[in-house]
Structures are given as C-alpha cells and as structure tokens.
Amino acid sequence: MRMFQVCVCGKPLQLNQAPTPQPKGTEVLLKVLAAGVCHSDLHLNDGYFDLGGGKRMSLEDRGMKLPVTLGHENVGEVVAAGPDAKNVKIGARMLADPWIGCGNCAACQRNEDNLCMAMRSLGVFSNGGYADYMMVPHPRYLFDIGDLSAERAAPLACSGVTTFGALKKITTLRREPTVIIGAGGLGLMCLALHQKMGGLSAIVVDIDPAKREAAKLAGAAAVVDGKAADALDQIKTLTNGGAYGVVDLVGSSQSARLGYDSLVKGGKYVIVGLYGGDLTVSLPPIPMRAVTIQGSYVGSVPEMGELMDLVRRKGLPDVPVSTRPLDDVNAVLADLRAGKIVGRVVLTPA
Ligand SMILES: [Zn+2]
Ligand SMILES: [Zn+2]
C-alpha cells in the first residue's frame, strides 16, 4: 500500500510503501475512499503548535512518533476484519472516528476518548487515511454512512464533530444568536450544523471578505469584519448588548480578544481553533460577570454517533467540498497554508 507520511517535521509528506496490514483482534481494515484535508494537518506536518509569546508545544513531546501517515477525516470500505471485530460487514462504507483513546483511563471510561491523556488518534498518533488502506482498532469507531457521498461525509470526522461538539456547549443555540468566529472550512461546517441543530441565527466574523461572502451565502444572519475598528460594537449591536454564546474557530490572540470581549453576563466563549497565541484577562470580571471560557477539542464517540443521527435525519451539511487526487496532497497542504482554499478539500486515492 501507498501512504503519505510525515517523516521529518516541516518537510513535505513523503510517499512510502509498505505491505497492506492484516487486521488482528478487533481491528478493521478499510480501503480509503475519501480523506479530508484539515487545517491541523499543517500543524501536524510542522510538528508543533504556537502557544504565543514565542513558546511552542511540540507534538513529538505529546507522543507523535514519526513516520506517521496523516489524514484524520476518513471514509473507507471495510475490506477485512479481525476475528474479534463483531458486527462488521465487508463492503460497508464507514466513517472512521479518529479520536481514539487508550480505553482504560477515567476519560475513556466516561466515553470521552477525546479527553484521554494517551490518545491514539488516527492520522495524528497512528497512521491515518492519506493512504490506500488504513486500520481502525475497533468497530466502535466506525459509523455506517449508508448511501451518503463518501467525499461529503468524510469531513464529519473532524470538521463536523469538532463544530458539533462546540455548538452543543452553547445552551442558548435555539433561542439567541450565536457568534461564530472564522468562516473557513470549519466555519462553514459550523454554520451548516448550527442550522441543522435548529440554531436561531448566526453572526459570522472573519477578516477575509471572500470568506464573509461565503458565510452570507451559506445563511449567516450577519457578517462582521474581525479587523474593523468597531467589530466589537457591531457584535454588541447585533446581539442586543453582548453574545451569550461565542464559538471561536480561529483561536488567535486577536480572535480570542474579540470573542471574549463580546460576551454578555453569563456568556460562554468556546475556543476551538488552534491558530495560536495568548489572551490576558482581568480576573474580577470572570466571577462578577459569570462568564465561561471553555475549550472544546474534537468530539466524543457518542457525539459522533449523535452527529451521524442528525445527518441521517436532516441530510449532510451543505459545505463546499472539492476533491483532488491523493497524490496532490502536498500541493493541497501548500494551498491551505496560503489561505487559498474555501471550504474543504477531500483527497481520493486513485
Ligand atoms: Zn482536523
Ligand atoms: Zn484513555
């Protein structure tokens, strides 16, 4: 099988070949049909996240071992299953939930694999879907997509469950406007899921006019230029004094400042984006205004199941998806880094 791997951090992915593995125990082997390209693949390729103030979080320190095949938004066809993999149909088209924990710790015991201290995430800490085949350790991480399009379903594995998990933290979703910062691939997914979840209205913030336009076309009630001097005032006007729910899909020093400052009393600022930076906040207003800063990291296995149920009932989120051949992966990553991609690119092996 062929696979595109990070061999040296900061260098293009390398095409390597290896014998196709055979599933053991509960493992399930998928033939990859579609693999979405996510912005965090850039960080994974670089090998670090920017923590602000010149500090970096190294992914090797967190357990990333090289070489590793990237690609964590995958749909594949089941081609083989180990003897202990129950209820798996050969030929079924499955979304692979990549957010896999150790299975033993307290987080995993409460079904929060995504908060495990020893994650084995596919395409991060173990081989992912930028390859002809990929191995999933247990059928519980597989979700049948039925007759949904593989290319359109693949982004649910990261972009979908990440925004779904963040939106679920906004309890006023159906009754009050929600502020969404960032209208890139993640932002448009968030907007689409917000609508499917019955969200009242979305105010979308982005510094790029093309992305604001895309958000407007996708049904944002209002768009705000995050760079505008009066961006905060605009948000306060649009929310009648401040937002109860803000989802920040950028996660930069600037977006965090704007998102946090937009909150009304009791409001919640949910940070998802991993752009990098830092935020200084005065402490007394946190209790006095009873605000919450909450992180949201991908989603749990049950959340992936809920998302798939939502999609079966309400259809796939209508986000722009384009396909490119797997062999173009390095060119796609370069385009993503240059900010040239609106929506999602999904790689399809030849
Ligand atoms: Zn991702
Ligand atoms: Zn665990």
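So, the zinc ion that is ligand 2: its protein donors are the SG atoms of C102, C105, C108 and C116, at 2.3 to 2.4 Å. This is a predicted model, by the way. What is the arrangement of the four donor atoms around that zinc? The angles they subtend run from 104 to 116°, and that makes it tetrahedral.

Along the chain, the spacing of these donor residues reads C-x2-C-x2-C-x7-C. C102 sits in the loop between β8 (93-96) and α2 (106-109), while C116 is in the loop between α2 and β9 (133-136), so this pair ties together parts 14 residues apart in sequence. As for exposure, C102 is partly exposed, at 27% relative accessible area, whereas C116 comes out at 9% and counts as buried.

Okay, over to the other zinc, ligand 1. Here the coordination comes from C38 through SG, H72 through NE2 and C158 through SG, at 2.0 to 2.2 Å. The spacing in sequence is C-x33-H-x85-C. C38 and H72 link distant parts of the chain, 34 residues apart: C38 is in the loop between β3 (28-37) and α1 (40-46), H72 in the one between β6 (68-69) and β7 (73-81). Buried or exposed, these two? C38 has 7% relative accessibility, so it counts as buried, and H72, at 1%, counts as buried too.

Last thing, cavities. Searching the whole structure turns up one of 30 Å³ or more, and the volume of the largest is about 30 Å³. Its lining is P155, S159, G185, M189, V319, P320, G343 and R344. By type, that lining splits into four nonpolar residues, three polar and one charged.

Terms used
Residues are numbered from 1 along each chain as its sequence is written. Chains are lettered from A and ligands numbered from 1 in the order in which they are written. This is a predicted model: local features need pLDDT of at least 70, side-chain atom pairs count only at pLDDT 80 or more; totals for chains, interfaces and linings use all residues. Side-chain values use heavy atoms; hydrogens and water are left out. Donors are N, O and S atoms within 2.8 Å of the metal (3.2 Å for Na, K and Ca); water is not among the atoms, so sites may look incomplete. Helices (H or I, at least four residues) and strands (E, at least two) are DSSP runs, numbered from the N terminus. Buried means under 20% relative accessible area, exposed over 50%, partly exposed in between (1.4 Å probe, protein chains only). On a 1 Å grid over the protein atoms alone, a cavity is a set of points where a 1.4 Å probe fits but cannot get out, and a pocket is an open set with protein on both sides within 12 Å along at least five of seven lines; lining residues have an atom within 4 Å of a point. Grid points are joined across faces, edges and corners, and a volume is the space filled by probe spheres set on the points. Ala, Val, Leu, Ile, Met, Phe, Trp, Tyr, Cys and Pro count as nonpolar, Asp, Glu, Lys and Arg as charged, and the others, Gly among them, as polar. Four donors count as tetrahedral if all angles lie between 85 and 135 degrees; four count as square planar and six as octahedral if opposite donors are over 155 degrees apart and all others between 65 and 115; anything else is irregular.
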